[in-house]
Amino acid sequence: MNCDDMLKLLSDYIDCEVDPAICRELEKHLADCDGCRVVVDNLKQTVRLYKHGQEYELPQPFRQRLHASLRDKWKQRRGPQ
């Protein structure tokens, strides 16, 4: 199991829809991979917040940086036009 495999199965893993044998492999990977563990923890927290219906206002400076970063990533993926 590597990080790419983990990301492909992430949604199913969070929703507990992964075969138990694969789930054990994913959890073994998470035990050794800080990056994937952070991604999974953040996604779980996001799902938890969403399910509770709580809204959080992002601080304006953070929101601006986030939007700028997302725009830059989107432009990079689209390529030159």
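# A first look around Val40

Leaving aside neighbours within four places in sequence, Val40 is in contact with Met6, Leu10, Tyr13, Ile14 and Leu30. This is a predicted model, and Val40 is a handy place to start exploring it. From there, this briefing moves to the nonpolar core, the helix crossings, the salt bridges and a few single residues.

**Val40 and its surroundings**

- Val40 belongs to helix α3.
- With a relative accessibility of 3%, Val40 counts as buried, because the limit for that label is under 20%.
- Ala21 is 19 residues from Val40 in sequence, and the two C-alpha atoms are 18 Å apart in space.

**The nonpolar core**

- Which residues form the largest nonpolar core? Its 11 members are Met6, Leu10, Tyr13, Ile14, Val18, Cys23, Leu26, Leu30, Cys33, Cys36 and Val40.
- Three elements each give two or more residues to this core: α1 (residues 3–14), α2 (residues 20–32) and α3 (residues 34–51).
- The element that gives the most is α1, with 4 residues.
- As general background, nonpolar side chains in soluble globular proteins tend to be buried together.
- Val18 is one of the core residues. Not counting residues up to four places away in sequence, Val18 touches Leu9, Asp12, Tyr13, Cys23 and Leu26.

**How α1 and α3 meet**

- The axes of α1 and α3 come within 11 Å of each other and cross at roughly 20°.
- That angle makes the two helices roughly parallel, because angles under 35 degrees count that way.
- The α1 and α3 crossing is right-handed.
- On the α1 side, the residues that meet α3 are Cys3, Met6, Leu7, Leu10, Tyr13 and Ile14. Their partners in α3 are Cys36, Val39, Val40, Leu43, Lys44 and Val47.

**How α2 and α3 meet**

- For α2 and α3, the axes come within 6 Å and the crossing angle is roughly 115°.
- These two helices are therefore roughly perpendicular to each other, a label that covers angles from 65 to 115 degrees.
- The crossing of α2 and α3 is left-handed.
- His29, Leu30, Ala31 and Asp32 make this contact from α2, while Asp34, Cys36, Arg37 and Val40 make it from α3.

**His29, a buried residue in α2**

- Is His29 buried or exposed? With a relative accessible area of 12%, His29 is buried.
- His29 lies in helix α2.
- Setting aside neighbours within four places in sequence, His29 is in contact with Met1, Asn2, Cys3, Met6 and Cys36. Two of these contacts, Met6 and Cys36, are also listed in the largest nonpolar core.

**Salt bridges**

- How many salt bridges does the structure hold? There are 2 of them.
- One salt bridge joins Arg37 to Asp34, with the closest N and O atoms 2.1 Å apart.
- Arg37 and Asp34 are 3 residues apart in helix α3, so about one helical turn separates them.
- Arg37 is partly exposed, at a relative accessible area of 30%, whereas Asp34 is exposed, at 52%.
- The side chains of Glu57 and Arg63 also meet in a salt bridge, at 3.4 Å from N to O.
- Glu57 counts as exposed, with 66% relative accessibility. Arg63 counts as partly exposed, with 33%.

**Cys16, a residue in a loop**

- Where does Cys16 lie? Cys16 sits in the loop between α1 and α2.
- The phi of Cys16 is near 60°, a positive value in a residue other than glycine.
- For context, most residues other than glycine have a negative phi.
- Cys16 is exposed, with a relative accessible area of 71%.

**Lys51, an exposed residue in α3**

- Lys51 lies in helix α3, and its relative accessibility of 68% makes it count as exposed.
- Along the chain, Lys51 and Asp32 are 19 residues apart, and 29 Å separates their C-alpha atoms.
- Helix α3 thus offers both labels to look for: Val40 is buried at 3%, and Lys51 is exposed at 68%.

Terms used. Residues numbered from 1 in each chain as written. Predicted model: local features only at pLDDT ≥ 70, side-chain atom pairs only at ≥ 80, totals over all residues. Heavy atoms only, no water. Core = buried A, V, L, I, M, F, W, Y, C linked by side-chain atoms within 4.5 Å. Buried < 20%, exposed > 50% of the residue type's maximum accessible area, 1.4 Å probe, protein only. Contact = heavy atoms within 4.5 Å. Salt bridge = Lys/Arg side-chain N within 4 Å of Asp/Glu carboxyl O. Axes fitted to C-alpha atoms, helices over the stretch in contact; angles between N-to-C directions. Parallel < 35°, antiparallel > 145°, perpendicular 65-115°, else oblique. Left-handed = near helix turned anticlockwise from the far one by under 90°.
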